[in-house]
Amino acid sequence: EDKIQAAKRAGITRFSVGVQTFNDDILNECNRKHTAREAEDAIELLCKSGFKEVNVDLMRGLPHQTLEGFIGDLLHVVSYDPETIHAYRMRIMRKGELPTVFERNQEQLALPSIEDVCAMQYVAHKILTDNGYQRHHTASWSRTKCQMYEDRWQQQIPLLALGWRAYSLFQFGELHNESQLGAWRSRVDNGEFPIETAWKYNKSEKVLRRLLFNLKMSKGITEQHIQSLNEPHLSKFQRLIDLGVLKKQGDSFVFTDEGVMVGEEAIKYLSIGS
C-alpha cells in the first residue's frame, strides 16, 4: 500500500501486473519469482486503490497449461474487475531468453497443442466480452476505450517507461531499459534513466510499424498502404490473404474471424525481415 500511495503522489496513472497464470507449479517451471497468492494480493490492492488503469497480463500456451486451467485463470482475473486484461501467446523468441531448465529440457516441454492455444484465444474473447470487456487489439480487452493504445499505436505519442526491462516508444525508435534488475536499481538510485539499448527505426520499419499497429487494433490496412511495403513484407501480406488470415472489408484488409485467432502469430510473421 505504501508503494501504491507513493506512485499516486509521483503522478503514475497506470499499473500492469504480469501474472501469466495462477498455477504455482507452472509459475515455478517458467522460473517466475512470484506466487499466485502474491499476484492476487497485488491485484486486489491495486483494484481497491482508486487507480482507473489497472491491467493484468495472462499468458496462453505455457508448459503444462490446459484449456480448463486457462479458463480458470480468466474467470479469476475477471472477479477482481481490472480495467484491462491481456492474454498473450507465449513465444520462445531466442534461446538466450529461456530459463536454464527449459534449455536443458526443450524436447521434453509439455506445451499445449496449437489447437488448444487457439481455443484459449477463442474462449478469452467469449468470456471477456460476456463479462463486459471489449477487444481493443489481438490480445487485449478493456472495460472502456483504452487511451493508451490510441496514444501508443495510432497517434504514436512518445511514451517514457521507467520500469525494469520496460521500453519507451517514440516515432523515431525505441529505448529499452536495463535487463538486469541489479543494474536497473543502481541506475535509478543514482538518478539516471535506466536505458540499456536504443533502436532507431529506418524508413521501411516506420512504414511497417504503422501498418502493423493498424492491423493489431483492427483498424484495417488499405491496398495503397500494402503497396508501400518492400519485399519480403509485401509477399507475406499476400500469403496471409491467400491463407484466409486476412480478408478485404470495404477499402481495407482486416483479420478474418479465424485469422484473429492467430493474430499475434500473423503480426510476428509480418514483422520479421526487412
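## Two helices near the C-terminal end of the numbering

The axes of helix α11, which spans residues 233-242, and helix α12, which spans residues 263-271, come within 9 Å of each other and cross at roughly 155°. Because angles over 145 degrees count as roughly antiparallel, α11 and α12 are roughly antiparallel to each other. The model in which this pair is seen is a predicted one, and the values that follow should be read with that in mind.

On the α11 side, the contact is made by His233, Lys236, Phe237, Arg239 and Leu240, and these meet Ala266, Tyr269, Leu270 and Ser271 in α12. Sorted by character, the residues of this contact divide into five nonpolar, two polar and two charged.

## The chain as a whole

The chain contains twelve helices and eleven strands, and of its 274 residues 42% count as buried. Its accessible surface comes to about 15200 Å², and carbon and sulfur atoms account for 50% of that area. When contacts with a separation of 6 or more are considered, 61% of them in the chain are between residues 24 or more positions apart.

## The five-stranded sheet

Five strands form an open sheet in the order β1-β2-β3-β5-β4, and the pairing within this sheet is mixed. Strands β1 and β4 (134-137) stand at the edges, each with a single partner strand, so one side of each is left without a neighbour in the sheet. From one strand to the next, the twist averages 25°. Helix α4, made up of residues 67-80, packs on this sheet and touches β1, β2 and β3, its direction making about 175° with that of β2.

Strand β2, residues 53-60, is mostly covered, since seven of its eight residues are buried. With strand β1 (residues 14-20), β2 pairs in the parallel sense over six bridges, and within this pairing Asp57 in β2 is the bridge partner of Gly18. With strand β3 (residues 84-89), β2 likewise pairs in the parallel sense over six bridges, and here Leu58 stands opposite Ala87 in β3.

## Helix α6 and its residue Ile114

Another helix associated with these strands is α6, which lies across β2, β3, β4 and β5 (140-142) and runs at about 10° to β5. Helix α6 covers residues 114-130, and Ile114 lies in it. Ile114 is partly exposed, with a relative accessible area of 44%, a value that falls between the limits of 20% for buried and 50% for exposed.

Ile114 also offers an example of positions that are distant in sequence, for the C-alpha atoms of Ile114 and Val262, 148 residues apart along the chain, are separated by 9.7 Å.

## The three-stranded sheet

A further open sheet consists of three strands in the order β9-β11-β10, with antiparallel pairing. Its edge strands are β9 (221-222) and β10 (246-249), each of which pairs on one side only. Strand β10 is joined by four bridges to strand β11 (residues 252-255), and the two run antiparallel; within this pairing, Val254 in β11 is the bridge partner of Lys247.

Helix α9, which comprises residues 203-216, packs on this sheet and touches β9, β10 and β11, while its direction makes about 55° with that of β11.

## Two residues with positive phi

Two residues may be worth inspecting in the displayed model for their backbone angles. Gln20 has a phi near 75°, which is a positive value in a residue other than glycine. Gln20 lies in strand β1, and it is buried, with a relative accessible area of 9%.

Arg165 has a positive phi of about 65°, although it is not a glycine. Arg165 lies in the loop between α7 (147-154) and β6 (167-169), and at 55% relative accessibility Arg165 counts as exposed. The two residues therefore fall on opposite sides of the classification, given that buried means under 20% relative accessible area and exposed over 50%: Gln20 is buried, whereas Arg165 is exposed.

Notes:
Residues are numbered from 1 along each chain as its sequence is written. This is a predicted model: local features need pLDDT of at least 70, side-chain atom pairs count only at pLDDT 80 or more; totals for chains, interfaces and linings use all residues. Side-chain values use heavy atoms; hydrogens and water are left out. Buried means under 20% relative accessible area, exposed over 50%, partly exposed in between (1.4 Å probe, protein chains only). Contact means heavy atoms within 4.5 Å. Accessible areas come from the Shrake-Rupley method with a 1.4 Å probe; for residues, only the protein chains shown count as cover. Two strands pair if DSSP finds at least two bridges between them. Axes are lines fitted to C-alpha atoms, for helices over the stretch in contact, and angles run from 0 to 180 degrees between N-to-C directions. Angles under 35 degrees count as roughly parallel, over 145 as roughly antiparallel, 65 to 115 as roughly perpendicular and the rest as oblique. Ala, Val, Leu, Ile, Met, Phe, Trp, Tyr, Cys and Pro count as nonpolar, Asp, Glu, Lys and Arg as charged, and the others, Gly among them, as polar.
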